[in-house]
Amino acid sequence: MAANWRSLRARVNGVECAGIVKANAYGLGADRVAPALWHAGCRRFFTANHDGALAIRNLLPDADVYVLNGLLGDPKDYIETGLTPVLNCLGQVETWQSHARRAQRALPAVLHLDTGMHRLGLPPGEVAQLRERPELLRSLDLQFIMSHLACADDSDGAMNRRQLAAFHQMRRGLPEFPASLANSSGIFLGPDYHFDLIRPGYAVYGGNPTPGRPNPMQPVVGLSAQIIQIRDVGPGETVGYGATYALKQATRIATIPLGYADGYMRAMSNQAAASIDGVAVPVVGRVSMDLVTLDIGALPVEKAHVGTWVDLIRGNEMLDDLAMRAGTIGYELLTALGGRYPRVYSGGGVS
Ligand SMILES: *Cc1c(COP(=O)(O)O)cnc(C)c1O
């Protein structure tokens with residue numbers, strides 16, 4: 001993971017690289033991820049909400065910690081804990097500014113402009129108002145002006161160019177501040193998108209930032225389980241709830257102890273594949289809450305028994321592929337992997 005972060009930073013030579021650790025660091029465990037990124041040289045961390053930010057603040061007292069969802073709740077909580085809100089509307093700018101005046105110091109902030117995603121950030125009309133009221137920003141320590149790309153994973157996208165143009169246009173007439181636009185995929189759109197700070201999440205965790213092209217990142221997350229039962233099943237028999245899978249020929253069915261309660265999604269029923277010793281073993285029948293059934297007929301009998309390890313995610317293609325088979329993206333898959341797995345963290349040299 002640290003190597004991925006470093007390789008992204010190297011790719012944008014000289015531009016600063018943040019760590020995106022929202023949703024418990026994409027499900028990987030922010031308590032392990034954030035210190036490892038810090039160790040790799042990361043100094044700025046983006047979280048979704050105040051609680052997530054507080055967890056990072058407690059781990060890394062000297063880090064800059066940003067709250068993407070904005071200035072919600074009592075602004076004093078941000079001041080007391082030294083968290084930096086991403087200001088998503090003019091009202092938040094005004095609130096933060098009035099607290100800065102009261103505190104008699106420039107409070108840190110990031111200003112988010114909506115360049116076309118229409119999710120968060122100041123729309124053009126509010127940016128125009130801000131240009132006419134420069135005093136609103138004067139008492140803030142505005143660290144970055146940022147925006148977010150809606151279609152960064154579409155490398156030919158006209159939408160990216162539109163948002164880039166809008167970003168330049170909207171910043172015109174505002175005082176000059178460092179800027180940030182690119183998420184993981186945005187980094188791969190080229191230097192025009194890099195500005196002063198890149199904000200990669202998914203690629204750091206091994207996801208493919210360039211869908212349709214080979215994954216340039218190193219694999220980070222693996223998921224494996226041990227077979228708890230094997231049975232011979234004859235042709236015409238069915239497997240699992242709803243009897244959705246009928247066997248065309250006799251085979252062996254292996255059952256492993258994880259299911260949709262662990263984020264191995266029910267949508268993977270009859271769609272996904274695991275692997276044993278590099279041999280693909282398809283998921284047959286419905287994924288249950290706590291169990292998954294696999295057709296291991298392709299494997300020599302002596303290669304699979306109770307206790308044999310099965311890889312559900314391994315290598316850097318399997319995460320995205322598995323998500324696709326479930327009709328989703330690796331981001332959702334990672335964040336869905338629940339708290340029931342024993343988690344083993346290896347390498348890193350960070351205690
Ligand atoms: C989640 C997020 C990122 C990181 O996106 P990835 O696609 O995971 O790299 C960057 N910026 C914002 C505003 C985000 O919400």
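A polar contact is a pair of N or O atoms within 3.5 Å. Keep that cut-off in mind as we look at this predicted model.

Q: What makes the pairing of Arg199 with the ligand a polar contact?
A: A side-chain N or O atom of Arg199 and a nitrogen atom of the ligand are 3.0 Å apart. The limit is 3.5 Å, so this pair counts as a polar contact.

Q: How do you know that Ser184 makes a polar contact with the ligand?
A: Here a polar side-chain atom of Ser184 is 2.5 Å from a ligand oxygen atom. That value is within 3.5 Å, so the name applies. Ser184 is also listed with Lys22, Tyr26, Tyr202 and Tyr331 as coming nearest among the 14 residues around the ligand.

Q: How much of the ligand does the protein bury?
A: The protein buries 93% of the 390 Å² that the ligand exposes when taken alone.

Q: Why is the largest nonpolar core said to lie between domain 1 and domain 2?
A: Both domain 1 (2-198) and domain 2 (222-336) supply residues to this core, so it sits between them. The core has 105 residues, and Leu111, Tyr205 and Tyr264 touch the most other members.

Q: What makes Leu258 and Tyr341 contacts of Tyr264?
A: Contact requires heavy atoms within 4.5 Å. Once neighbours within four places in sequence are left aside, Tyr264 is in contact with residues including Leu258, Val283, Leu312 and Tyr341. A separate core of five residues includes Val233, Leu247, Ile253 and Val284.

Terms used. Residues numbered from 1 in each chain as written. Predicted model: local features only at pLDDT ≥ 70, side-chain atom pairs only at ≥ 80, totals over all residues. Heavy atoms only, no water. Core = buried A, V, L, I, M, F, W, Y, C linked by side-chain atoms within 4.5 Å. Buried < 20%, exposed > 50% of the residue type's maximum accessible area, 1.4 Å probe, protein only. Domains from an automatic or database assignment. Near = heavy atom within 4 Å. Polar contact = N/O pair within 3.5 Å; in protein donor to acceptor, adjacent residues only side chain to side chain. Areas by Shrake-Rupley, 256 points an atom, 1.4 Å probe, with all protein chains shown as cover.
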